[in-house]
Amino acid sequence: MASGSYEGILLGMGNPLLDISAVVDEAFLAKYDVKPGNAILAEDKHLPMYDELAGKGNVEYIAGGATQNSIRVAQWMLQIPGATSYIGCIGKDKFGEEMKKNAQAAGIKAHYYEDENAPTGTCAVCVVGGERSLIANLSAANCYKSEHLKKPENWALVEKAKYIYIAGFFLTVSPDSIQLVAEHAAANNKVFLMNLSAPFICEFFRDAQEKALPYVDYIFGNETEARTFAKVHGWETENVEEIALKISQLPKASGTHKRITVITQGRDPVVVADDGKVKTFPVILLPKEKLVDTNGAGDAFVGGFLSQLVQEKSIDECVRAACYAANVVIQRSGCTYPEKPDFN
């Protein structure tokens, strides 16, 4: 395809958050009742954490939010300006301006809904021994309304896209927006992709997740999320390959595409369930001393995958690119990458 035909081919919708990332110790996690590897929403007890992190000498501010990370990585891998677009809600503040600049620099066409009253959402990223814990204070990100999506200039992004990706985290914010986009994708033979995103989504937003799932052509997740999903649905198995297969075989709204399930397992092989069969793909192993932090690894994996999928490459190629992107990101702080990809 000529690069012009890639314009706006991929759309992401989600919670734009500014990552406030710092290396901390076990005591810091214990103080705020956070477990290593957590991905949770902030409660009142967590709120002082943001200022404490901001006061640390090694603190970094990185534009984040799961879906936005994946879109940024896909855009970086594609190296075709404007191939991707993004929708979400930010505040009218310094962090919001930062977010707009960041998206523009990345080559993404971002249509943010700007909330008058709430500040831009933030995510505390606490790094201990390379393992990240995430505590999201959604704030403005939580204020996204489907009215914004329905405006002609924003719905135009949906119309233009052939692939639409939404992380499961957005289920807590605007399930009606997800439904609008999902139904549009099914009616127009487009590819709709989602992510299990976190155990708490599978547990506490099960209804919203189940309503979206029939429309999902590709579902991503990690081994913990897959096992939580299985437990919630009363499947008596911890076997990731079996779970991936069962998820891929859940009912679908449209028969155009069969559902493909892609589950990552950290340093263990990636599991892909497709058309009643399971394949595994080894990941690129990284020596421990090269690991900076795992923040954004799963998001980058999806971004790499999407970059090849929109070019209609094989699943094998999609997974290879996904593993490449994740490997790049875990050697850097947050979901960041060098100027150009070295993937061929």
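Let's start with what sits over the buried side of helix H6, in this predicted model. The cover includes strands E1 (10–13), E5 (84–91), E6 (109–115) and E9 (163–167), along with helices H5 (146–150) and H7 (175–187). And what is being covered? H6 itself spans residues 152–160, and its buried residues are Asn 154, Leu 157 and Val 158. These lie on the same side of H6, because they cover an arc of only 100° around the axis.

Now, let's move along the chain to a pair of helices. Generally, two packed helices are described by the angle between their axes and the distance between the axes. For H10 (residues 223–232) and H11 (residues 240–248), the angle is about 65° and the axes are 10 Å apart. Their crossing is left-handed. On the H10 side you'll find Glu 223, Ala 226, Arg 227, Phe 229 and Ala 230, and they meet Val 240, Ile 243 and Ile 247 from H11. Sorted by class, this contact has six nonpolar residues, two charged ones and no polar ones.

If you have the structure open, click on Ile 243, which lies in H11. Is Ile 243 buried or exposed? Its relative accessibility is 0%, so Ile 243 counts as buried. Leaving aside residues up to four places away in sequence, Ile 243 touches Ala 226, Arg 227 and Ala 230, and also Trp 235, Thr 237 and Glu 238. Take Arg 227 as an example: 16 residues separate it from Ile 243 in sequence, while their C-alpha atoms are 7.3 Å apart in space.

Next, one for the biochemists. An unreviewed UniProt entry places the feature "active site" at Asp 299. Where is that in the fold? Asp 299 lies in helix H12, residues 297–309. The cut-off for buried is under 20% relative accessible area, so Asp 299, at 16%, counts as buried. Again not counting residues up to four places away in sequence, Asp 299 touches Ala 66, Asn 69 and Ser 70.

H12 has a packing partner too, helix H13 (residues 315–329), at an angle of about 145° and with the axes 7 Å apart. Here the crossing is right-handed. Among the residues making this contact are Ala 300, Phe 301, Gly 304 and Phe 305 of H12, and Cys 318, Ala 322 and Ala 325 of H13. By class, the contact has 14 nonpolar, three polar and one charged residues.

That's my tour, friends. Happy to go back to any of these helices on the screen.

Definitions and conventions. Residues numbered from 1 in each chain as written. Predicted model: local features only at pLDDT ≥ 70, side-chain atom pairs only at ≥ 80, totals over all residues. Heavy atoms only, no water. Axes fitted to C-alpha atoms, helices over the stretch in contact; angles between N-to-C directions. Helix = DSSP H or I, 4+ residues; strand = E, 2+ residues; numbered from the N terminus. Left-handed = near helix turned anticlockwise from the far one by under 90°. Contact = heavy atoms within 4.5 Å. Nonpolar A, V, L, I, M, F, W, Y, C, P; charged D, E, K, R; others polar. Buried < 20%, exposed > 50% of the residue type's maximum accessible area, 1.4 Å probe, protein only. Arc of directions from axis to C-beta. UniProt positions renumbered as here; feature names shortened; annotations may be inferred.
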